[in-house]
Number of protein chains: 2
Amino acid sequence: MPSAAAKQVESNSSEPLWRDAELRAADAMGRLMEFWGFRRHMGRIWTVLYLSPEPMTTLALSETLQLSSSAVSLSLAELMRWGAVRKTWRPGERKDFYEAETSMWKLLRRVYERRELNLIRETIETFAAAQQQLDGSRSQLTPKDRRRVDHMRKRLSRLSALSRAGERLVGLLVAGQMIHPADLRAAEEQEQ
Amino acid sequence: MPSAAAKQVESNSSEPLWRDAELRAADAMGRLMEFWGFRRHMGRIWTVLYLSPEPMTTLALSETLQLSSSAVSLSLAELMRWGAVRKTWRPGERKDFYEAETSMWKLLRRVYERRELNLIRETIETFAAAQQQLDGSRSQLTPKDRRRVDHMRKRLSRLSALSRAGERLVGLLVAGQMIHPADLRAAEEQEQ
DNA sequence: AAGTCCCTTCAAGAAGTTTTGAAAGAACTG
DNA sequence: CAGTTCTTTCAAAACTTCTTGAAGGGACTT
């Protein structure tokens, strides 16, 4: 990754004075996005668009961030899938122009709704399936194994309770409602 | 990754009946942990320990999850760094035994506190630095460039306000207090 | 203090992901 | 409708991360 600092050194006078600050901010956002499970460039591109007063072309983006046009195209496509970027057009211009969705809140919400919530639900289902499997096998066990399985069942139902509590929490988050994180603690303690 | 289903097929009768359910749950947790930025095996190992009534040795773990002993050692070391697993010993036994920290809430808290909060703070600092850089260059600009930079400054201060709101939110989460996600929206809207 | 057993570290190899240049494909223009 | 311009797709190269077996180190035992 060409860091903002490295960029600064190699930048010649044809670069606008604000370029360095722009890249710093873009890189910071890129790190955040990468941490959050997206491609680094998605955060960088979104930020450049967000900081720009005008919609930008793919060419402008690839020059600003020193990316190949395919990298720009790929990241823009994914950003659009998340509604983080919109295509716009200009009369008389052939190229596509892109602009950033400016409501971070909308974006956060959408990601939690589409991605995190799904993941939690899959987890809940898997735990439920594992529990059922244990319940099914219980009768065929020796007393020793049965004690062992009973312990697993207790623990598994705690994990289930926790993940359901997580689902509720994220559901509230998405709905913009108050959240009490201690609900999680309560959920796990309730299952003795 | 050897999935729980694949494991089931190849498993011979020497495997305990509950092994398949155990691996399913472990894999589900592994996926969750991987999504959350940790190594997959950390989630798998933690789950096996969590489901076990007794502390386990590295050998037992590597047999259960079909991992090399170095992989187990590596993941256990990191789990211990996060306080998710503890070493215990048994009188007369030479080996180390490991047991899972059972309070998920404690663990979540610790990760948000040590890792996410740090990341947000670094981001806040980077945005602040970028803002300062813009402020410094403003006087040397042509009127056209100045308008451009002024737009960037407004957007950057919105990003700053957002990330500070994020910091507060995570801070409250860590403190176990109520959170109002709409604060984020408010933060971004306040900056006109 | 030599031997054994276990755990950790390390460097190499494997696997997975990202990035790129080139080619194919759209969409418009003359 | 041939040519131009721009975008997307794709397979290969580059890069990262993960995994492993082997070597090293520590701690207990005889």
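Helix axes are lines fitted to C-alpha atoms over the stretch in contact, and angles run from 0 to 180 degrees between N-to-C directions. Helices (H or I, at least four residues) are DSSP runs, numbered from the N terminus.

This is a predicted model, in which local features need pLDDT of at least 70 and side-chain atom pairs count only at pLDDT 80 or more, while totals for chains, interfaces and linings use all residues. Residues are numbered from 1 along each chain as its sequence is written, and chains are lettered from A and ligands numbered from 1 in the order in which they are written.

The axes of α8(A) (residues 182-190) and α6(B) come within 9 Å and cross at roughly 155°. Because angles over 145 degrees count as roughly antiparallel, α8(A) is roughly antiparallel to α6(B). Residues are in contact if their C-beta atoms, placed from the backbone, lie within 7 Å. Here L184(A), R185(A) and E188(A) meet M104(B), W105(B) and L108(B).

Chain A and chain B give 49 residues each to their contact. On the side of chain B that touches chain A, α6(B) gives the most, with 12 residues.

DNA strand D is surrounded by 19 residues, each with its C-beta atom, placed from the backbone, within 6 Å of the strand. Among the closest are S70(A) and D96(A). The largest share, six residues, comes from α5(A).

The table sorts residues by class: Ala, Val, Leu, Ile, Met, Phe, Trp, Tyr, Cys and Pro are nonpolar, Asp, Glu, Lys and Arg charged, and the others, Gly among them, polar.

| Surface | Nonpolar | Polar | Charged |
|---|---|---|---|
| Near DNA strand D | six residues | eight residues | five residues |
| Side of chain B that touches chain A | 31 residues | 10 residues | eight residues |
| Contact of α8(A) with α6(B) | four residues | no residues | two residues |

Methods
Helices (H or I, at least four residues) and strands (E, at least two) are DSSP runs, numbered from the N terminus. Two residues are in contact if their C-beta atoms, placed from the backbone, lie within 7 Å. Angles under 35 degrees count as roughly parallel, over 145 as roughly antiparallel, 65 to 115 as roughly perpendicular and the rest as oblique.
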